[in-house]
Amino acid sequence: MKVIKRAKHIWGNEAGSTAVEFATVGLLAIVLCLSILEVGRALHLANELSFAADRGTRLVLLNPEVSDADVEAEVRAHLRMADIDGLVIVTTHNTLDPQTTRVLSVSLPLTLFIPTYPFQSFRVSVERKVPTP
């Protein structure tokens with residue numbers, strides 16, 4: 001009889017249930033907040049790269065004979081980030097289309113803050129196609 005009363009007392013005891021519920025819900029809330037921050041960082045980086053690529057594109061549109069080095073310098077000058085290690089700027093000339101184009105690709109790696117996430121780093125890329133005469 002004592003064992004049955006003791007078992008009923010243990011199963012009926014709700015002490016600590018709030019802590020367990022908070023641990024599960026709190027973990028999900030923290031992961032959700034960190035994920036929102038990471039998406040915001042990725043979008044900000046894509047916006048910065050897009051602005052810099054647009055400046056390089058504008059330079060090519062104003063002066064089609066500008067060198068690739070000048071275009072790369074223009075793109076680097078308009079990136080307002082302190083850390084641009086791993087920045088890749090590629091300018092290619094495409095003559096296969098009916099009209100000759102110049103393709104400007106800008107990419108930068110983004111390392112995530114979330115530990116143990118399967119994709120710790122990926123590249124954010126922007127590409128612009130500029131018609132040239």
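# A tour of the predicted model

Among contacts between residues at least 6 apart in sequence, 53% join residues at least 24 apart in the protein chain. The model on display is predicted, and the stops below proceed from the whole chain to its core and then to its charged pairs.

**Whole chain.** Begin with the cartoon view. The protein chain contains three helices and three strands, and from the N terminus on these elements follow the order α-α-α-β-β-β. Next, colour by accessibility: of the 133 residues in the chain, 25% are buried. With the surface switched on, the chain exposes about 9,600 Å², and carbon and sulfur atoms supply 64% of that area.

**The nonpolar core.** Select L45, L49, V75, L87, I89, L104 and V106. These belong to the largest nonpolar core, which has 19 residues, and they touch the most other members. To see where the core comes from, colour α2 (17-62), α3 (68-77), β2 (101-111) and β3 (121-131), the elements that each give two or more residues to this core. Helix α2 gives the most, with six residues.

Now centre on L49. Leaving aside residues up to four places away in sequence, L49 touches L79, L87, V106, S107, L108, V124 and V126.

**Charged pairs.** Side chains of opposite charge can pair when their charged atoms come close. The count of salt bridges in this model comes to six, and three of them are visited here.

Select R80 and E48 first. Their side chains meet in a salt bridge at 3.0 Å, N to O. R80 lies in the loop between α3 and β1 (88-94) and E48 in helix α2, so this pair ties together parts that are 32 residues apart in sequence. Is each partner buried or exposed? R80 is exposed, because its relative accessible area of 65% is over the 50% cut-off. E48 counts as buried, because its 7% is under the 20% cut-off.

Keep R80 selected and add F51. R80 lies over the face of F51, at 5.7 Å from the ring centre. R80 therefore takes part in two of the arrangements on this tour: the salt bridge with E48 and the placement over the F51 ring. While the aromatic side chains are in view, note that the count of aromatic pairs is zero.

Move next to E74 and R55, whose side chains meet in a salt bridge at 4.0 Å, N to O. Because E74 lies in helix α3 and R55 in helix α2, the pair ties together parts that are 19 residues apart in sequence. Both partners are partly exposed: E74 has a relative accessible area of 21%, and R55 has 28%.

Finally, select R102 and D68. Their side chains meet in a salt bridge at 2.5 Å, N to O. Which elements does this pair link? R102 is in strand β2 and D68 in helix α3, distant parts of the chain that are 34 residues apart. R102 counts as buried at 4% relative accessibility, whereas D68 is partly exposed at 29%.

**A last view.** Display the core and the charged pairs together. Helix α2 gives six residues to the core and also holds E48 and R55. Helix α3 gives two or more residues to the core and holds E74 and D68. Strand β2 likewise gives two or more residues to the core, and R102 lies in this strand.

Note on methods: Residues numbered from 1 in each chain as written. Predicted model: local features only at pLDDT ≥ 70, side-chain atom pairs only at ≥ 80, totals over all residues. Heavy atoms only, no water. Core = buried A, V, L, I, M, F, W, Y, C linked by side-chain atoms within 4.5 Å. Buried < 20%, exposed > 50% of the residue type's maximum accessible area, 1.4 Å probe, protein only. Helix = DSSP H or I, 4+ residues; strand = E, 2+ residues; numbered from the N terminus. Contact = heavy atoms within 4.5 Å. Phe/Tyr/Trp six-rings, centres within 6.5 Å; stacked < 30°, edge-to-face > 60°. Lys NZ or Arg CZ within 6 Å of the ring centre and 35° of its normal. Areas by Shrake-Rupley, 256 points an atom, 1.4 Å probe, with all protein chains shown as cover.
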